[in-house]
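Visitor: Could you take me on a close look at one part of this model? I'd like to stay with the helix packing for a while and then see what surrounds it.

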Amino acid sequence: MAKKFAVIGLGRFGSAVARALVEKGFEVMVVDIDENEVSGLSELATQSLVLDATDEKGLKDAGVADVETAIVSVGQKIDVSILVTLILKELGVKEVVVKAVNSLHGTILKRIGADRVIFPEREMALRLAESFVSPKIFDYIELSPTHSVIEIAAPKTFFGKTLKELTLRESQKVNVIAIKKKIPIITEKGVPDFKEEVNIAPGADDEIAEGDILVLLGRYENLEKIGRM
Amino acid sequence: MTKKIKPDLQDLKELGQFYLLNGKFSEAIEKFKLALKLKPDDADIYFQLGLAYEGACYINEAKEMFRKTLELDNTMKEAVEHLDRLAGK
């Protein structure tokens with residue numbers, strides 16, 4: 001049986017999450033106080049409710065307690081998100097994921113039992129900033145405040161060298177998780193193009209070529225050094 | 001006296017494509033740039049130069065070349081596809 005989710009608050013973030021979950025085939029209950037927001041998703045969602053999410057009885061009657069994960073995204077309304085989080089935990093929802101607007105909000109949410117606190121704006125901003133710092137960094141995921149995964153164009157000095165020769169793990173404390181290679185091809189129409197090949201968990205003898213994209217895991221400052229190469 | 005024969009446009013395009021198809025993107029960029037000096041309004045050279053830049057991960061330069069390709073020949077569907085592909089990068 002498909003995992004059940006509830007998305008509470010259908011602003012831009014909430015509705016995007018709800019749509020993505022529906023697309024992945026999950027059962028999704030959507031809740032918002034604004035009828036217009038709910039109607040936009042009523043055809044997609046398994047259950048859609050126009051409801052004030054601070055109404056404990058309303059949430060209970062709607063069967064929110066049966067969902068495995070609830071995502072709370074009520075915009076800038078800190079008091080509402082705290083109340084809703086409390087209610088959801090009281091109702092016994094296994095996992096409550098809450099969008100926070102700032103660090104203090106995040107701390108409070110964790111204290112009252114939120115299982116996961118997310119800062120989408122901060123995460124997006126960080127990723128955007130990274131891409132400006134180095135146009136060769138294509139993606140950036142923060143795993144913890146100290147460790148990240150980045151996708152980066154292989155620096156020139158790496159070309160023609162094997163991973164063993166580069167000794168990235170020993171000298172930079174960075175692990176190469178994958179190498180994405182662009183393989184030039186000629187299409188059926190006779191036009192040159194690329195095919196992407198991903199080498200997951202590459203071996204020590206795998207060689208880096210011009211145009212390769214490396215997926216690296218390591219401490220932020222070590223990754224940054226490679227980004228500047 | 002040895003006479004140095006300069007490669008003509010066709011030679012440069014072929015060399016560029018040879019390097020491109022062998023994943024030698026920097027060399028390909030060099031040859032296509034020389035080719036463009038001989039024929040600055042050739043949409044196909046711009047397109048292939050765009051591919052070479054894309055191959056070498058010079059995303060902004062690649063986008064610029066694909067845009068130029070379309071300015072010269074707006075029927076080149078492949079240039080649109082590559083621009084779309086690079087839009088998120």
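Guide: Happy to. Let's start in the middle of things: the buried residues of helix 2 of chain B pack against helix 1 and helix 3 of chain B. Keep in mind as we go that this is a predicted model. The residues in question are Phe25(B), Ala28(B), Ile29(B), Lys31(B), Phe32(B), Ala35(B) and Leu36(B), each of them buried. Yes, there's a lysine in that list: Lys31(B) is among the buried residues of helix 2 of chain B. The spacing should look familiar, because an α-helix has 3.6 residues a turn, so residues three or four places apart point the same way. As for the helix itself, helix 2 of chain B has 14 residues, and its first and last C-alpha atoms are 20 Å apart, close to the 20 Å expected at 1.5 Å a residue.

Now for its partner on one side. Two packed helices are described by the angle between their axes and the distance between the axes. For helix 1 and helix 2 of chain B, the angle is about 160° and the axes are 8 Å apart. With angles over 145° counted that way, helix 1 and helix 2 of chain B are therefore roughly antiparallel to each other. The crossing of helix 1 of chain B past helix 2 of chain B is left-handed. By class, that contact holds eleven nonpolar, one polar and three charged residues. If you want to click through it, helix 1 of chain B brings Leu9(B), Leu12(B), Lys13(B), Leu15(B), Gly16(B), Tyr19(B) and Leu20(B). Facing them from helix 2 of chain B are Phe25(B), Glu27(B), Ala28(B), Lys31(B), Phe32(B), Leu34(B), Ala35(B) and Leu38(B). Notice that Lys31(B) turns up here too, in the set that meets helix 1 of chain B.

Move along the chain to the next pair. Helix 3 and helix 4 of chain B pack at about 165°, and their axes are 8 Å apart. That angle makes helix 3 of chain B roughly antiparallel to helix 4 of chain B. Here as well the crossing is left-handed, with helix 3 of chain B passing helix 4 of chain B. On the helix 3 side of chain B, the residues are Ala43(B), Tyr46(B), Phe47(B), Leu49(B), Gly50(B), Tyr53(B) and Glu54(B). They meet Glu61(B), Ala62(B), Met65(B), Phe66(B), Lys68(B), Thr69(B) and Leu72(B) of helix 4 of chain B. Sorted by class, this contact has nine nonpolar, two polar and three charged residues.

Two residues in this area deserve a stop. Asp44(B) sits in helix 3 of chain B, and its C-alpha is 7.0 Å from that of Thr69(B), 25 residues away along the chain. Asp44(B) has 17 C-beta neighbours inside 10 Å, so it counts as partly exposed. Then there's Cys57(B), found in the loop between helix 3 and helix 4 of chain B. Cys57(B) has a positive phi of about 70° despite not being a glycine. This one is buried, because 21 other C-beta atoms lie within 10 Å and the cut-off is 20 or more.

Step back and chain B comes to five helices and zero strands, running α-α-α-α-α from the N terminus. Of its 89 residues, 39% are buried. Among contacts in chain B with a separation of 6 or more, 40% involve residues 24 or more positions apart.

The helices we've been touring also face the other chain. In total, 15 residues of chain B are in contact with 13 residues of chain A. Helix 1, helix 2, helix 3 and helix 4 of chain B each supply at least two residues to the side that touches chain A. By class, that side of chain B has seven nonpolar, six polar and two charged residues.

And chain A itself? It has nine helices and eleven strands, with 30% of its 229 residues counted as buried. One helix there makes a nice companion to where we began: helix 4 of chain A, residues 78–91, has 14 residues that should span 20 Å at 1.5 Å a residue, and its end C-alpha atoms are 20 Å apart, which agrees. Its buried residues are Ser81(A), Ile82(A), Val84(A), Thr85(A), Ile87(A) and Leu88(A). The cover over them includes strand 1, helix 3, strand 4, strand 5 and helix 5 of chain A. Just past the end of helix 4 of chain A, Gly92(A) takes a positive phi of about 95°.

Notes. Residues numbered from 1 in each chain as written. Chains lettered and ligands numbered in written order. Predicted model: local features only at pLDDT ≥ 70, side-chain atom pairs only at ≥ 80, totals over all residues. Contact = placed C-beta atoms within 7 Å. Helix = DSSP H or I, 4+ residues; strand = E, 2+ residues; numbered from the N terminus. Nonpolar A, V, L, I, M, F, W, Y, C, P; charged D, E, K, R; others polar. Axes fitted to C-alpha atoms, helices over the stretch in contact; angles between N-to-C directions. Parallel < 35°, antiparallel > 145°, perpendicular 65-115°, else oblique. Left-handed = near helix turned anticlockwise from the far one by under 90°. Expected span 1.5 Å × (residues − 1). Buried ≥ 20, exposed ≤ 12 C-beta atoms within 10 Å, placed from the backbone.
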